[in-house]
Amino acid sequence: MEAAVLTVVIGLLIALAIAGGRLVSAESAVAHAARSAARVASLQRDPASATAEARRAAELGLSEQGLHCTQTDVEVNAAGFSAPLGTPSSAEATVRCSVDWSDLGVPGTGTRTVVSSFSSPIDRWRERS
């Protein structure tokens, strides 16, 4: 009887350790994707291409990290491209990724959304269209 209870407790501890590792891994991957998206957006010349390229960079970053999101959302704030030349500005990217953990079998770990934001400065003297 005691061995059976101990086996269940050890199994739950192992599942929680795996869930914690997955959470850290997912946060790292989403932070990397947000940094990449903001950096790529800041290198463009106009808001439309900044938004498109940032989304592409974020999705590529998530796939390279091996993170499979059930839902991915990438928001890009490209308002800095409307700043006059010589004025400091930045491009910001926010990446949201919903990660499914229902395969762990631990109660309360269904789907979790991981969010990360990053901003990258736009070259103040670079030509903008």
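This section describes the salt bridges, the nonpolar core and the disulfide of a predicted model.

Three salt bridges are present in the structure. One of them joins the side chains of Arg56 and Glu53, with an N to O distance of 2.8 Å. Both residues belong to helix H2, which spans residues 47-64, and because they are three residues apart in that helix, about one helical turn separates them. The two partners fall into separate accessibility classes: Arg56 is exposed, with a relative accessibility of 51%, whereas Glu53, at 25%, is partly exposed. The value for Arg56 places this residue in the exposed class because the class comprises residues over 50%.

Arg96 takes part in a salt bridge with Asp73, in which the N to O distance is 3.6 Å. Asp73 is located in strand S1 (residues 71-77) and Arg96 in strand S2 (residues 89-100), so this salt bridge ties together parts of the chain that are 23 residues apart in sequence. Arg96 is partly exposed, its relative accessibility being 29%, and Asp73 is likewise partly exposed, with a relative accessible area of 32%. The side chain of Arg96 also meets that of Glu75 in a salt bridge, here with an N to O distance of 2.9 Å. This pair again links distant parts of the chain, since Glu75 lies in strand S1 and Arg96 in strand S2, 21 residues apart. Glu75 is partly exposed, at 40% relative accessibility. Through shared partners, the salt bridges of Asp73, Glu75 and Arg96 form one network.

Attention now turns to the interior. The largest nonpolar core contains 25 residues, of which Val30, Leu67, Val95 and Val99 touch the most other members. At least two residues of this core are supplied by each of helix H1 (2-42), helix H2, strand S1, strand S2 and strand S3 (111-122). Helix H1 provides the largest share, eight residues. In soluble globular proteins, nonpolar side chains tend to be buried together. For Leu67, the contacts outside its neighbours within four places in sequence are with Ala26, Ala29, Val30, Leu62, Cys97 and Val99. Two of these partners, Val30 and Val99, are named with Leu67 among the core residues that touch the most other members.

Cys97, a contact of Leu67, is also a partner in the disulfide. A search of the whole structure identifies one such bond, formed by Cys69 and Cys97, whose sulfur atoms are 1.8 Å apart. The torsion about the S-S bond is about -105 degrees, and the disulfide of Cys69 and Cys97 is therefore left-handed. This pair connects distant parts of the chain: Cys69 is situated in the loop between helix H2 and strand S1, and Cys97 in strand S2, 28 residues away in sequence. The two cysteines are assigned to separate accessibility classes. Cys97 is buried, with a relative accessible area of 0%, whereas Cys69 is partly exposed, at 21%. Cys69 is not classed as buried because that class requires a value under 20%.

Strand S2 thus recurs in these results, as it holds Arg96 and Cys97 and supplies at least two residues of the largest nonpolar core.

Methods:
Residues numbered from 1 in each chain as written. Predicted model: local features only at pLDDT ≥ 70, side-chain atom pairs only at ≥ 80, totals over all residues. Heavy atoms only, no water. Salt bridge = Lys/Arg side-chain N within 4 Å of Asp/Glu carboxyl O. Helix = DSSP H or I, 4+ residues; strand = E, 2+ residues; numbered from the N terminus. Buried < 20%, exposed > 50% of the residue type's maximum accessible area, 1.4 Å probe, protein only. Core = buried A, V, L, I, M, F, W, Y, C linked by side-chain atoms within 4.5 Å. Contact = heavy atoms within 4.5 Å. Disulfide = S-S within 2.5 Å.
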